Amino acid sequence: MIPEPSSARLTVRRSENGLLLVEMAGDWIAHAGLPDVDVVEKELAASGVVKAMGFEATGLERWNSGLITFILKCHALCEQHHLEFQAQTLPASVAKLIQLAQAAPEKKDAARSVAPAPFLQRVGESGLASWAGATAMLTFMGENVLAFLKLVQGRAQFRGADMLLVMQECGPQALGIVALINFLIGLILAFVGATELTRFGASIYTADLVAVATVREMGCLMTGIILCGRTGAAFAAQLGTMKVNQEIEAFQTFGINPVEFLVLPRMLALIVMVPLLCVFADLISILGGFLVSTMMLNITPALYIHRTLEAITLTSFLLGIFKGGYFGVVVALTGCLRGMQCGTNAAAVGLATTSAVVTGITVIIASDGLFAVICNALNF
Amino acid sequence: MAAAAHENKIEICDLTMAYGSFVVMRNINAKIKRAEIFIIMGGSGCGKSTLLRQMIGLKAPAQGDIVYDGEAFWKSGEDERRKRLRTFGVLFQGGALWSSMTLAENISLPLGEYTDLGAADIRDIARLKLALVGLKGFEDYYPAEISGGMCKRAGLARALALDPEVLFFDEPSAGLDPISSRSLDELILQLRDSLGATFVVVTHELASIFTIGDNSVFLDPNTRTMRAQGNPRELLKNSTDPYVREFLTRGESALTSAPPPTPA
């Protein structure tokens, strides 16, 4: 389409009356670099008294932005050395573009300083940011409690249909992944238990190990983590995008509390669905252990089931279910909080999603540790 | 800048646009000369933006083709088309700036991809483009930190990045105040005069249409084809089509045959 450009030629020479003549010829197409303005600067420094800078462009063929930036740099040189800038001999369209580029004054306070802040300032700022983050989280939890109280009084503004939709999304549709992960966890527990316990001749207790570990810890923990990655991230991305599109502000202008309308149905859906998913996860995980034990350890199915039922106490079962509900609250809170805090551009949605998953998983595992300590102290 | 090999920069030939089996517009024909400002106008939902999307390679036409410099656009190969795309600049409705990059980075990205310029030269060109649209000094701002009108200007600066031969504008004055909209029109005229580029503008802003348009096509959603074409000011003066007259006079033609507004 376009013939290959010939090279751009630049000569700088001194003319009479202290005029520095910049001669440009050939194609000034900036695609592979152009002559440097240094040449002009050197000539300016080398020669004696120069009063003005003029241009000679008769040999100029094709040109684009490269030429304009070059001439603007020459103009900057002129200002620096207090020379007269003679633009009359430039082609009309070039002169027009130069004029246009200089028409709007530079916004002086707009330019940013990029100097890094001193160390202490950064420490202080991150400290303040953490404090603000903690306050925001507490405020958000408070708002949720208030919304919940309104719900109890039957005055909360939210649609039951929304809650059913979220329930469907985070419950039945998560069955596949919850089943797969927990089945594998059951297998792994059984294998680990079998190899160690067989050495003491106690391989029968593999059933106990799988049952207790699953029901007390692994079932609800794995379900919480899966939902955090699956549903928490979805909440953050959805609410974040709504924030970007000003949909959340639209709720506010109608006097609808976004926490009641958006967060409450998600929270309730998770509080209901996660314990149910935990029961399902427990069953599937025990099934995984059952398969390994009966097929590899010569434990009869009846014996395995008997040992399992012996091992599970009502307390540990309820403890697992309670923790599941609690993890549901954590996932809903972190996902929705990060979504509501989201900035107003595409990158911010990504950050909100990442932050929701990271915060969620951290809180889930840390509080599970805390639960373990408390239960130990209380002899549960 | 580039040698004028063909008289018409763009020719739209028997174009039919369709979504699946639903035909939006058929038999669109137009010839756009070099350095002309071509307006695509028509009521809401008539397929203006669809026509634009076909011209910039985002959606293939159902039939017909668009010819640039005598070369078919859609019937040529993928590589040819990509090469052609580099001679285009597109300003999207909301600016469509990449939100994770500063304004300077938005403009530098295509320069870095398609030229062999060094970082300093690219920075200079990005500064120049921002200066051209009146945003000198905003190089290190992110799109979220500036106003909607400024985003649009920055989008124009990005469209200018590769010194395009054809510039496409989708609703340039949508969401702008009358003064900004007017100054954007002036900017378009100045860029046309200085760059010698061809402009294709989708708009239904009458003030804009009469100020900048050299040539136009009027799309009608009822008959699903083009209803008029030519210089919008001439159309206003000479068109006998009541629908076109109604559009160009904001529905006041039936009352008086008012003289056309004099463009600035």
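This report walks through a few helices and single residues in a predicted model.

## Helix α10 and its two sides

Let's start with helix α10 of chain A, which covers residues 301–311. Its buried residues are Y304(A), R307(A) and T308(A). These residues span an arc of only 100 degrees around the axis, so they sit on the same side of α10(A).

What do the buried residues of α10(A) pack against? Their partners are α7 (206–244) and α9 (258–296), both in chain A. Look at the face turned away from the buried side and you'll find the exposed residues A302(A), L309(A) and E310(A).

## Helices α11 and α12

Two packed helices can be described by the angle between their axes and the distance between the axes. For helix α11 (residues 314–340) and helix α12 (residues 346–377) of chain A, the axes come within 9 Å and cross at roughly 150 degrees. An angle over 145 degrees counts as roughly antiparallel, and α11(A) and α12(A) are therefore roughly antiparallel to each other. The crossing of α11(A) with α12(A) is right-handed.

Plenty of residues take part. On the α11(A) side they include L319(A), F327(A), V330(A) and R338(A). On the α12(A) side you can pick out A352(A), T359(A), I364(A) and F371(A), among others. Sorted by character, the residues of this contact between α11(A) and α12(A) come to 10 nonpolar, six polar and three charged.

## A closer look at S316(A)

S316(A) belongs to helix α11 of chain A. Is S316(A) buried, exposed or partly exposed? It counts as partly exposed, because it has 19 C-beta neighbours inside 10 Å, while being buried takes 20 or more.

Setting aside neighbours within four places in sequence, S316(A) is in contact with V212(A), V215(A) and R216(A). Another residue to compare with is A213(A): it is 103 residues away from S316(A) along the chain, yet their C-alpha atoms are separated by 9.6 Å.

## Helices α2 and α3

Here's another helix pair in chain A: α2 (residues 65–81) and α3 (residues 92–103). Their axes come within 10 Å and cross at roughly 65 degrees. As α2(A) passes α3(A), the crossing is right-handed.

From α2(A), the residues L67(A), I68(A), I71(A) and L72(A) meet V94(A), L97(A), I98(A) and A101(A) of α3(A). How many of the residues in this contact of α2(A) with α3(A) are nonpolar, polar or charged? The split is eight nonpolar, no polar and no charged.

## A closer look at V94(A)

V94(A) lies in helix α3 of chain A. It counts as buried because it has 20 C-beta neighbours inside 10 Å. Leaving out neighbours within four places in sequence, V94(A) touches L67(A), I68(A) and I71(A).

Now try finding G154(A). It is 60 residues from V94(A) along the chain, and the two C-alpha atoms are separated by 71 Å.

## Two residues with positive phi

Most residues other than glycine have a negative phi. N298(A) isn't a glycine, but its phi is positive, near 55 degrees. You'll find N298(A) in the loop between α9 and α10 of chain A. N298(A) is exposed, because just 10 other C-beta atoms lie within 10 Å.

Over in chain B, D14(B) has a positive phi of about 45 degrees, although D14(B) is not a glycine. D14(B) lies in strand β1 (residues 8–19) of chain B. With 12 other C-beta atoms within 10 Å, D14(B) is exposed.

How values were computed. Residues are numbered from 1 along each chain as its sequence is written. Chains are lettered from A and ligands numbered from 1 in the order in which they are written. This is a predicted model: local features need pLDDT of at least 70, side-chain atom pairs count only at pLDDT 80 or more; totals for chains, interfaces and linings use all residues. Helices (H or I, at least four residues) and strands (E, at least two) are DSSP runs, numbered from the N terminus. The arc is that of the directions from the helix axis to the C-beta atoms. Two residues are in contact if their C-beta atoms, placed from the backbone, lie within 7 Å. Axes are lines fitted to C-alpha atoms, for helices over the stretch in contact, and angles run from 0 to 180 degrees between N-to-C directions. Angles under 35 degrees count as roughly parallel, over 145 as roughly antiparallel, 65 to 115 as roughly perpendicular and the rest as oblique. A crossing is left-handed if the near helix is turned anticlockwise from the far one by less than a right angle, and right-handed if clockwise. Ala, Val, Leu, Ile, Met, Phe, Trp, Tyr, Cys and Pro count as nonpolar, Asp, Glu, Lys and Arg as charged, and the others, Gly among them, as polar.
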